Structures are given as structure tokens and as C-alpha cells.
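Subject: The structure we talked about

Hi,

Here is the structure I promised to pass on to you. Please open it alongside this email, and have a look around before reading my notes.

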Amino acid sequence: MEARPTAQGRAAAGRVALLAVLLLPVCCREPPERLRYTIPEELGRGSLVGPLARDLGLSAADLPARKLRIVSSDEKQYFALGEDKTNLRVNERIDREGICGAVSSCVLSLEAVVENPFNIFHVSITIQDINDNAPQFDREIFAIEMIESTPPGVRFPLGSGRDPDIGTNSLQNYQLTPNPLFSLVVRESPDGTKQPELVLEKNLDREKQRNHNLILTAVDGGDPVRSGTAQIKINVTDANDNPPVFAKEVYKVQLLENLPEGSLAFQVEATDSDEGTNAEITYSFSDISNRALQLFSLDSRTGDVKIKGSLDYEEGKHHEATVEAKDGGGLSAHAKVHIDILDVNDNAPTLSVLPILNPIPEDSVPSTVVAVINVRDRDSGDNGAVSCNIDGDLPFRLEPSSENTYKLIIASALDREKVSVYNITITARDRGRPALSSSTALVLQVSDVNDNAPVFEEAAYSAYVAENNAAGAPVLRVLARDADAGANGRVSYWLAGGSADAAAYVSVEARSGALYAQRSFDYEQCREFAVVVRAQDGGEPARSSTATVRVFVLDRNDNAPRVLWPAPEAGDRELGAPPALEPFEVVPRSAEAGYLVAKVVAVDADAGRNAWLSYELVQAAEPALFRVGLHSGEVRTARAVSERDAAKQRLVAVVKDHGQPALSATATLHVVLAESLQEALPELSERAAGAESAAELQFYLRLYYFVIIVQAIQA
């Protein structure tokens with residue numbers, strides 16, 4: 001029977017909890033390597049465990065930067081940080097008996113993690129037992145058959161009570177309702193278990209009383225005391241001389257936890273020297289826990305004990321039972337059975353990962369902690385000894401922090417521009433045979449820092465722009481790439497120097513890097529210039545680089561040839577030019593073919609083909625008398641001069657460039673055919689008198705006066 005806890009018991013538990021809080025460790029300036037707290041079980045959710053931040057030496061001002069967190073390998077998260085992130089509080093119901101069973105020291109462990117700088121502190125919480133369980137018997141009624149001839153002093157083992165609490169809260173003693181025929185003796189076994197035995201004090205008389213009913217009470221030592229009861233029903237029978245005798249008083253059995261259901265675990269055997277029905281023995285469990293009763297079955301005839309449930313070393317390492325052998329006459333014997341479950345490697349390790357730094361700045365130094373890994377294997381010995389490793393050649397490594405905790409740290413420099421995401425597989429493997437393992441994946445992002453300057457596609461650019469372009473016409477687009485991301489990789493452009501007045505010629509668009517002409521270019525004024533373009537990212541601090549752009553102005557055929565000699569005629573002179581005597585050449589009549597008369601001299605301000613000049617005679621009084629060199633401009637006689645040729649010859653030559661379209665100019669040359677100027681005067685006088693136009697008359701008069709002046713100078 002089960003006794004329920006009273007309100008006084010709950011109040012006592014609350015007092016124990018308050019006492020535990022008052023006795024928590026006092027914070028010191030240097031936090032200890034391991035913090036230890038003690039709390040009673042069954043505290044309510046949100047109950048204070050301890051001032052964790054204070055005990056770690058963290059002030060309220062430090063908490064935002066230090067990022068205090070906890071990590072535990074337990075399947076249930078029994079503890080959590082409060083909303084203020086300073087105090088450790090209960091997060092789940094804590095049942096000491098469910099967590100630790102009969103183990104006297106029940107300790108839960110977790111790690112406290114802080115950053116800036118990174119550190120791990122190990123925290124142990126001891127769970128104190130409270131008297132929250134009453135003793136219980138495996139059965140409500142113990143039936144005993146006694147022969148009336150049984151002598152006083154004979155003992156009859158009774159089923160033990162069970163109390164999952166420990167220490168003084170566990171089962172302490174048994175009590176029996178007063179009866180003159182029976183008494184109670186409590187025998188303590190080597191493992192500390194208290195075994196009640198019923199002792200016959202006086203001779204029985206079946207004719208007076210065939211049945212006796214007693215109450216057995218099991219009590220614990222808690223405050224308040226809890227108890228449980230069972231009935232003892234004794235049936236007095238006729239004489240049966242010999243009780244059964246077991247082959248062993250104690251059976252010690254070891255079983256592997258992976259034995260399948262239905263397997264024979266062991267066999268108990270008892271013999272009886274009587275005959276007939278008094279020698280027929282039946283077996284049964286007289287004292288066995290509910291858990292063991294779910295795992296083992298006993299054949300009442302053969303004594304075979306078989307497995308009927310799943311043995312699990314991690315759930316129960318040891319089981320005890322008492323087997324009763326009873327003959328047909330009602331006599332019985334008892335044997336103890338100790339069953340040890342042997343561990344096999346049937347549990348793979350489990351992993352829990354607490355990311356500390358994700359994403360990871362790419363400039364993080366080696367040895368920076370990025371995650372904490374907690375491993376757990378429910379097996380024992382080598383089967384529960386776990387090692388961790390990461391797969392692949394990665395710039396990370398695992399470093400043990402405690403028995404079950406590893407730190408994932410940076411082993412070598414990171415470069416986001418090469419690898420921006422790491423998929424890390426963490427494998428935990430035990431040392432069992434065969435070894436079991438499990439893996440978990442951790443995805444780590446690498447965040448960008450501004451560690452790359454923009455890089456131009458070319459260190460130097462060349463642009464070719466034809467002159468006479470429109471203002472605002474595109475010249476060239478430069479492009480710089482920055483391997484960084486976000487603002488660190490966002491590039492802007494501006495001019496950072498170059499040739500004198502280069503900024504007056506071009507501008508650059510900040511976002512695109514496109515260069516535009518600020519004005520129309522003139523090849524004849526500026527044939528080339530250079531500008532320096534700077535590309536700068538948006539990082540902090542910013543990084544930049546430069547490239548040189550050389551702009552070459554291409555010539556267009558926008559200048560016609562200009563004749564330097566002979567001087568242009570009055571109508572061809574530039575506006576405001578002073579008047580000049582039109583040139584003439586005197587060619588002796590004795591001149592032969594090829595005689596150099598004059599040379600037309602012309603220039604073109606353009607370049608290349610646009611400045612290549614050719615000469616052609618387009619007008620002459622005697623076309624066959626003169627010719628002009630195509631490329632030299634030299635005017636020569638094409639044949640010998642004859643008497644029939646007019647004394648005065650007017651030649652018009654055209655000078656043409658090779659542009660598209662071609663531009664041209666003309667040169668007029670006056671030639672006088674005479675051996676000397678004196679010889680030419682009569683001809684010139686006649687020509688002047690017969691001049692058909694004012695221009696022709698003016699020419700002859702000027703030439704006539706020129707000759708007279710020359711003669712006067714010579715005289």
C-alpha cells in the first residue's frame with residue numbers, strides 16, 4: 001500500500017529548498033574551475049538553483065558582451081538561465097529516483113559558456129533526496145502455510161519492502177501487529193537490505209485456530225515518517241516431515257543485456273526427501289521488484305527462469321529476487337538470486353552542439369572557439385568511452401574541454417573569398433567491439449571583413465576618341481572588382497589625378513566607372529592625355545586602388561590644305577591680311593623640258609592620310625607646256641619653250657589631301673617667258689594695253705613697275 005505525502009512533507013521540502021539557496025556558494029573574484037550547487041529534488045519550475053553569473057565573476061554590465069549560456073548532454077534540459085540571464089533556475093521536474101535510482105550521490109552536470117574572451121566552466125548540481133516516496137511491498141498479501149508440528153524458533157522469510165528514497169528517507173524498519181504466537185526479526189544483508197523474517201514463538205494448535213492474520217508495516221526515517229503495509233495470512237496444516245532444500249542458498253547470475261526474449265537465464269533447483277505429494281515442489285517468486293518481474297518469468301515446475309522483457313544495462317544494472325520452493329504439504333524454502341546485467345555496446349554516442357560563433361568573421365584568429373560539442377554514451381567502460389573527430393581537411397579542430405565536452409576551434413586562417421560556408425560533420429565513436437558511432441552536421445557561415453582592395457581588370461586602359469566629339473559622349477568604362485561582400489565589395493570611382501587639365505576633358509560616373517567627355521576634343525590642340533581613376537570600396541576603413549586611362553584623340557579631316565607659296569590671290573587671302581604683290585616667275589625661252597619653274601608649298605594641320613597632299617595642274621594657257629609633281633608640288637616645263645608661246649602664262653594648281661571626304665586649296669602662279677626682265681617689258685606693256693580685265697591690267701601694271709624698280713636699283 002502506498003502512503004501519500006502530506007502538506008507538512010511538502011512544506012519540509014520547501015524549507016530544504018530555502019536552506020539550499022541560502023547555502024549557495026559565495027561569488028569570488030576568480031571563478032573556480034568547477035561550480036557546485038546543491039538543491040533538493042522536486043523543486044518547482046523556475047526555482048532558483050544559484051546566482052550563476054555572480055559566481056562566475058560577471059557583473060550586470062558584463063553580461064551583454066559575455067553572452068552567458070549553458071549546455072547540457074542530458075536528454076531533458078533540467079536547468080535554464082532565467083530571463084535576466086544571471087541566475088540558474090529549474091526548468092524541468094527533477095525526480096532524483098527517476099534520474100539516479102538507488103545511487104546515493106545524484107549529480108547533474110552542465111557547462112557554462114561565456115565569450116569575449118571565451119571560457120567554459122563546469123557546473124555540478126547535487127540533487128538531494130526528499131522523503132517523497134513511502135515504502136511499498138511487492139504484494140499486498142503474504143500467504144504462509146505452517147505445519148502444526150513446526151517447533152518454536154523457526155523463521156519464515158517475508159517479502160522486503162521497497163523505498164526508492166535514500167539515506168534516512170529510505171526504509172528503516174519493520175513492525176508487526178502484536179501476537180503471542182509470532183514475533184518479527186529484521187536481518188540485514190551484506191548490501192544493507194533489511195529482510196523481515198517471521199519467527200514462531202509457541203507451538204501451533206490447528207484444532208484451536210487454523211488461520212492467523214497479521215499486519216506487517218514498513219516505515220522510513222523521513223520527516224514526517226511514511227509507511228506501507230502488507231497482510232500476512234498464516235494457514236496451519238497437518239504434519240509434513242521434510243521441507244524442500246535448494247541446491248544453493250544464493251544464486252549469482254550474470255546476463256548480457258542483449259539476450260533475446262525467451263532465452264533461458266538460469267535455473268533454480270530444490271529437492272524434497274518426502275514422497276508423494278509432499279515431495280512435489282512448485283517454484284515462485286516470493287520477493288521481487290516490479291521491474292524485475294517485468295523482465296523474468298519462473299516456470300513453477302522446472303524452476304527455469306527465462307527472459308520475458310528487454311534487459312537494459314542502462315536502465316538497471318542489478319536485480320534481486322527471492323525464490324520460494326513449496327512442497328505439496330505446504331513446507332517451503334527460500335533462495336536468494338542476485339542477477340548482474342553485463343553491458344554490451346548497444347548504444348551509439350549522442351551529440352549536442354552549441355554554436356558559439358556563427359557566422360564567423362573571416363579575420364578570426366586561430367584558436368577561436370566557434371562551437372561547444374557535448375557527447376554522451378549510455379554504455380559503460382570502453383563501450384561508453386567516446387572520442388570525437390571532424391571529417392575532411394578543414395581549418396578547424398576539436399579540442400577536449402572536459403570528460404564529455406569538446407571545443408570546436410579555428411585551426412588555421414579563414415578566407416571568405418575562397419570558402420564562405422563550411423559543412424562540418426562531427427563524428428563521435430565509442431571504443432566498443434564493434435564500435436558504434438553517430439554524426440551530426442554543423443553548417444558554419446564565414447562573414448566578410450574588408451580585407452580586399454578593389455582590383456581593376458587592367459592596370460592601364462587606352463581609349464581612342466575621334467575629335468569633334470559631342471560633349472557628354474562616352475569615352476571608356478573601367479571596371480574594378482572587389483572579392484568582399486556587401487558594403488565591403490561595393491565599388492565607387494572618381495578621378496584622382498593625371499595630365500594637366502585632364503579633369504577638364506573627362507569625368508567618371510561614381511557607380512558605373514564610365515568615363516564621359518566633358519567637351520569636344522581637338523586633335524590639333526591635344527593629341528593625348530592621361531587620367532588616374534581611383535576605385536574605392538565601402539568598407540571601414542575603406543580600401544582602394546588606381547588605374548591609369550590614356551585617351552588618344554583621333555584625327556578627323558577637318559582642315560583643308562593651306563598654300564604657303566605662291567601667296568594666295570587677293571580673293572583667297574585671309575580677312576585682314578595685308579595686300580601683297582602677286583608672285584610671278586620668269587622662265588627663259590631657251591628653257592628645255594623639265595625646267596624647274598617654281599614649287600608650290602602647302603601644309604595640312606591634320607595628320608596621317610588627312611595630311612597627305614597631292615598636287616594637280618587644273619588651269620593653264622598652254623596646258624602642254626607645264627606639269628606639276630603629284631607629290632612634290634614642283635612646277636616644271638613639260639616641253640621646250642617656243643617662240644609661239646605667250647610671254648605671260650597663268651597657272652592654277654589644286655592641292656588636295658587624302659581625307660574622306662578630301663579637302664583642297666588652289667595656288668595661282670604667274671609665269672613670264674623671257675630671257676630677262678628687260679626683254680619682257682615690251683611684252684608686258686603690250687599686254688597691259690590689251691588687258692581684258694581690271695585684274696589682268698593690275699597684274700601687268702604691277703609687274704611693269706616691279707621691273708622698272710629692279711632696273712633702277714641695278715643702275
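Below are my notes, grouped by topic.

Before anything else, please keep in mind that this is a predicted model.

**The four-stranded sheet**

A good place to begin is an open sheet of four strands, with mixed pairing and the order β1-β7-β6-β3. Its edges are β1 (34-40) and β3 (69-71); each of them has a single partner strand, so one side of each has no neighbour in the sheet. From one strand to the next, the twist averages 30 degrees.

Within this sheet, β6 (residues 107-114) and β7 (residues 119-128) run antiparallel and are joined by eight bridges. If you would like a pair of residues to click on, Leu110 sits opposite Val123 in β7.

Following the chain on from β7 brings you to Pro135, which is in the loop between β7 and β8 (136-137). Is Pro135 buried or exposed? Its relative accessible area is 0%, so Pro135 is buried. The C-alpha atom of Pro135 is 6.5 Å from that of Val219, although the two positions lie 84 residues apart in chain numbering terms.

**Cysteines**

How many disulfides does the model have? The count comes to one. The bond is between Cys100 and Cys106, with the two sulfur atoms 2.0 Å apart. The torsion about their S-S bond is about 65 degrees, which means that the disulfide is right-handed. Cys100 and Cys106 are both buried.

Two other cysteines may interest you at the bench. Cys388 has 14% relative accessibility and therefore counts as buried. Cys526 is buried as well, with a relative accessible area of 15%. The cut-off behind both calls is that buried means under 20% relative accessible area.

**Strands around β25**

β25 (residues 332-342) pairs with β18 (residues 250-256) in the parallel sense, over seven bridges. One of the contacts to look at there is Leu255, whose bridge partner in β25 is Ile341.

β25 also pairs with β24 (residues 318-326), this time antiparallel and through nine bridges. Here His319 has Ile339 of β25 as its bridge partner. β24 and β25 make a hairpin with five residues between the strands, and in this hairpin Gly330 has a positive phi near 100 degrees.

**Unusual backbone spots**

Some background for this part: most residues other than glycine have a negative phi, and most peptide bonds are trans.

Which residues other than glycine have a positive phi? Lys85 is one of them, with a phi of about 60 degrees. You will find Lys85 in the loop between β4 (79-81) and β5 (88-90), and its 46% relative accessibility makes it partly exposed. Asn468 is another, with a positive phi of about 70 degrees. Its place is in the loop between β35 (460-466) and β36 (474-477). Asn468 also counts as partly exposed, at 41% relative accessibility.

There are cis peptide bonds to look at too. The bond from Arg433 to Pro434 is cis, with omega near -5 degrees, and Pro434 belongs to the loop between β32 (421-430) and β33 (437-447). The bond from Gln660 to Pro661 is likewise cis, with omega near -5 degrees. Pro661 is in the loop between β50 (648-657) and β51 (664-673).

**A nonpolar patch on the surface**

Finally, please turn the model to Leu564, Trp565, Val601 and Val603, which make a nonpolar surface patch of about 300 Å². Two elements, β43 (562-565) and β46 (601-603), each give two or more residues to this patch. Val603 is in strand β46, and at 35% relative accessibility Val603 counts as partly exposed.

Happy browsing, and do write back with any questions.

Best wishes

Terms used: Residues numbered from 1 in each chain as written. Predicted model: local features only at pLDDT ≥ 70, side-chain atom pairs only at ≥ 80, totals over all residues. Heavy atoms only, no water. Pairing = 2+ DSSP bridges. Axes fitted to C-alpha atoms, helices over the stretch in contact; angles between N-to-C directions. Disulfide = S-S within 2.5 Å. Buried < 20%, exposed > 50% of the residue type's maximum accessible area, 1.4 Å probe, protein only. Patch = residues over 30% accessible without salt bridge, like charges linked within 9 Å, V, L, I, M, F, W, Y side chains within 5 Å. Areas by Shrake-Rupley, 256 points an atom, 1.4 Å probe, with all protein chains shown as cover. Salt bridge = Lys/Arg side-chain N within 4 Å of Asp/Glu carboxyl O.
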